[in-house]
Amino acid sequence: MGNMKCTKRAKIVLVPYPAQGHVTPMLKLGQAFLSHGFEPVMVTPEFIHQRIISRIEFKDEVVCMSIPDGLDEKTPRDFFAIEKAMENNMPAHLECLVHKLNEEGGVVCIIVDLLASWAIKVAKKCAVPVGGFWPAMLATYRLISAIPDMVHKGLISETGIPQQGGSVCFLPGQPMLNTEELPWLIGTLATRKSRFKFWTRTLDRSRTLPWLLVNSFPEGCNENESMESSRDYPHVFPVGPLNKLAVAKNPSFWEEDMSCLDWLDKQKPASVVYVSFGSWVGPIGEGKVKNLALGLESSGQPFLWVLGPAWREGLPAGYVERVSKQGQMVSWAPQMEVLQHKAVGCYLTHCGWNSTMEAIQCQKRLLCYPVAGDQFVNCAYIVEVWKIGVKMNGFERKDVEEGVRRVMEDNEMNNKLMRLNEKTMGDAASSRVMANLTDFIDDLKKLTVEHPVKALCSLNL
Ligand SMILES: O=c1ccn([C@@H]2O[C@H](COP(=O)(O)OP(=O)(O)O[C@H]3O[C@H](CO)[C@@H](O)[C@H](O)[C@H]3O)[C@@H](O)[C@H]2O)c(=O)[nH]1
């Protein structure tokens with residue numbers, strides 16, 4: 001187990017899903033709890049913990065602890081292996097850890113990433129109050145919550161398979177989505193059904209939660225979308241973007257290659273296409289990566305591309321040397337610094353939610369290539385609702401040229417980005433987010449008064 005610290009402050013245990021896009025916002029949430037006098041303790045499986053303790057800045061403030069995932073060294077930690085570990089192996093270890101922490105002073109709450117809903121059961125077993133955390137956009141949570149309705153209306157089968165093609169407006173006020181773009185439709189028929197089961201189970205468990213903290217701005221920033229459902233359980237507290245509550249630099253699982261900032265210094269303002277698919281190149285596939293490489297080269301546009309070493313093997317022979325004047329490739333970039341750089345003109349992205357919010361924060365136009373999960377929903381908001389980006393149709397030369405041209409020649413986009421930034425991250429928005437977090441903490445305190453449990457006695461607030 002990780003390092004144990006014994007303090008008298010009330011502990012909040014944080015359980016993220018073990019991936020970069022989840023650990024980053026959870027750590028930031030932990031940081032926000034710090035300033036309210038709590039001791040946040042984030043629990044991850046060993047393979048993530050190792051990355052965190054070697055690299056992350058605020059590990060001493062947010063105590064990081066590990067539990068075994070029970071998988072052997074050689075097993076690749078893909079979605080289904082992790083799911084198995086979460087369901088079968090990790091609960092007993094978390095239970096044991098929570099008991100230990102309780103002996104030391106008291107766990108007042110466990111915050112569980114909904115993608116790690118296994119930990120809800122553990123919290124209940126330990127009789128500790130539990131709240132949910134949704135690291136993505138509120139609109140995606142709503143879409144997942146509407147699964148029973150979709151089945152009822154015959155839009156999808158009982159196993160989650162779309163019953164019709166084309167674009168559908170799944171929820172009032174939300175942009176249209178193609179029926180193939182629902183978050184669980186990844187891979188083969190069998191994996192689609194398994195992922196759908198994962199979501200229905202997540203939904204069943206999350207319905208029992210009193211609170212849900214969402215790393216999203218209120219109402220997805222769509223005028224037509226009301227917060228009505230916040231009266232239902234769980235009570236939704238929009239606390240995003242957490243960047244506004246936590247000041248520390250983004251925690252990175254991999255070493256950031258800072259040399260790309262020197263390269264950017266030498267480029268013309270707003271000329272560079274920054275290309276990154278987060279920690280998720282896998283589902284794009286080798287063929288498309290190769291096409292994108294050729295498309296970027298022949299577009300003549302300067303580019304900075306985040307691509308891990310394993311993926312570079314699939315590039316055309318001599319590619320990296322050939323494009324060395326035009327483009328720079330790094331394994332992992334200091335993304336916030338890159339997006340803040342004036343040389344970056346647009347960001348070719350998979351539309352991961354953290355990346356989307358970072359682009360809004362840095363006011364960079366988006367060239368969207370959603371791949372899986374919630375990314376299609378994010379893309380629909382970027383393109384249709386906020387109009388701060390365009391969608392790419394593919395990675396052929398003409399697609400890259402056309403995408404870059406369309407995103408760069410839109411004169412309205414800078415204004416739209418500025419307004420969206422102000423509305424979602426300006427001073428008024430930031431105070432609202434802080435007030436939402438305080439409301440949640442007040443609720444937590446109320447619960448401790450109404451239902452005092454032994455664990456809460458040390459809550460010295
Ligand atoms: O070279 C890089 C590339 C990425 N990042 C950071 O890594 C994070 C990536 O997060 P995100 O954009 O959300 O992508 P994923 O890691 O792919 O996130 C997963 O989790 C998100 C939150 O649930 C979902 O929205 C995504 O679809 C899902 O793939 C961001 O903070 C980036 O700044 C870097 O620091 N350097």
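**How the labels in this model are earned**

Me: Lys387 lies in the loop between H14 and S15. What makes Lys387 partly exposed?

Reply: Its relative accessible area is 42%. Buried means under 20%, exposed means over 50%, and partly exposed is what lies in between, with a 1.4 Å probe and protein chains only. The value for Lys387 falls in that middle range, so partly exposed is the label. H14 and S15 are DSSP runs numbered from the N terminus: helices (H or I) need at least four residues and strands (E) at least two.

Me: Before we go on, what kind of model is this?

Reply: It is a predicted model, in which local features need pLDDT of at least 70 and side-chain atom pairs count only at pLDDT 80 or more, while totals for chains, interfaces and linings use all residues. Residues are numbered from 1 along each chain as its sequence is written, and side-chain values use heavy atoms, with hydrogens and water left out.

Me: What is notable about the phi of Lys387?

Reply: Phi is positive, about 55°, although Lys387 is not a glycine. Ala270 also has a positive phi, near 50°, and is a residue other than glycine. Ala270 lies in the loop between H8 and strand S10 (272-276). With a relative accessible area of 41%, Ala270 is partly exposed.

Me: And why is Val385 called partly exposed?

Reply: Its relative accessible area is 27%, which gives Val385 that label. Val385 lies in helix H14. Its C-alpha atom is separated by 30 Å from that of Lys268, 117 residues apart along the chain.

Me: Why does Gln174 count as buried?

Reply: Gln174 has 9% relative accessibility, so it counts as buried. Its place is in the loop between strand S6 (167-168) and strand S7 (177-178). A polar atom of the Gln174 side chain lies 3.1 Å from the backbone oxygen of Ala139. That distance fits a polar contact (N or O atoms within 3.5 Å, one able to donate a hydrogen and the other to accept it; residues adjacent in sequence count only if both atoms are side-chain atoms).

Me: Turning to the rings, how many aromatic pairs does the structure hold?

Reply: There are 20 aromatic pairs. One of them is Phe198 with Trp199, at 5.5 Å centre to centre and 85° between the planes. Rings of Phe, Tyr and Trp (its six-membered ring) pair if their centres lie within 6.5 Å; planes under 30 degrees apart are stacked, over 60 edge-to-face, and the rest tilted. The angle for Phe198 and Trp199 is over 60, so edge-to-face is the conclusion. Both residues are buried.

Me: Why is the pair of Phe217 and Trp386 called edge-to-face?

Reply: The centres are 5.8 Å apart and the planes stand at 65°, so this pair is edge-to-face. Phe217 lies in the loop between strand S8 (211-214) and strand S9 (235-238), and Trp386 in the loop between helix H14 (375-385) and strand S15 (389-391), so the pair ties together parts 169 residues apart in sequence. Phe217 and Trp386 are both buried.

Me: Which residues form one aromatic cluster?

Reply: Phe79, Phe80, Trp134, Tyr141, Phe198 and Trp199 do.

Me: How do you know that the charged end of Arg195 sits over the ring of Phe79?

Reply: It is 4.0 Å from the ring centre. A charge sits over a ring if NZ of Lys or CZ of Arg is within 6 Å of the centre and within 35 degrees of the ring normal. Arg77 lies over the face of Phe47 in a similar listing, at 5.3 Å from the ring centre.

Me: What lines the largest cavity?

Reply: The lining includes Thr24, Pro25, Lys28, Asn354, Met357 and Glu358. Helix H1 (20-34) and helix H13 (353-362) are the elements that give two or more residues to it. A cavity is a set of points on a 1 Å grid over the protein atoms alone where a 1.4 Å probe fits but cannot get out, and lining residues have an atom within 4 Å of a point. The space in this cavity is about 80 Å³. Pro241 is also in the lining, and a cis peptide bond joins Gly240 and Pro241, with omega about -5°.

Technical notes. On a 1 Å grid over the protein atoms alone, a cavity is a set of points where a 1.4 Å probe fits but cannot get out, and a pocket is an open set with protein on both sides within 12 Å along at least five of seven lines; lining residues have an atom within 4 Å of a point. Grid points are joined across faces, edges and corners, and a volume is the space filled by probe spheres set on the points.
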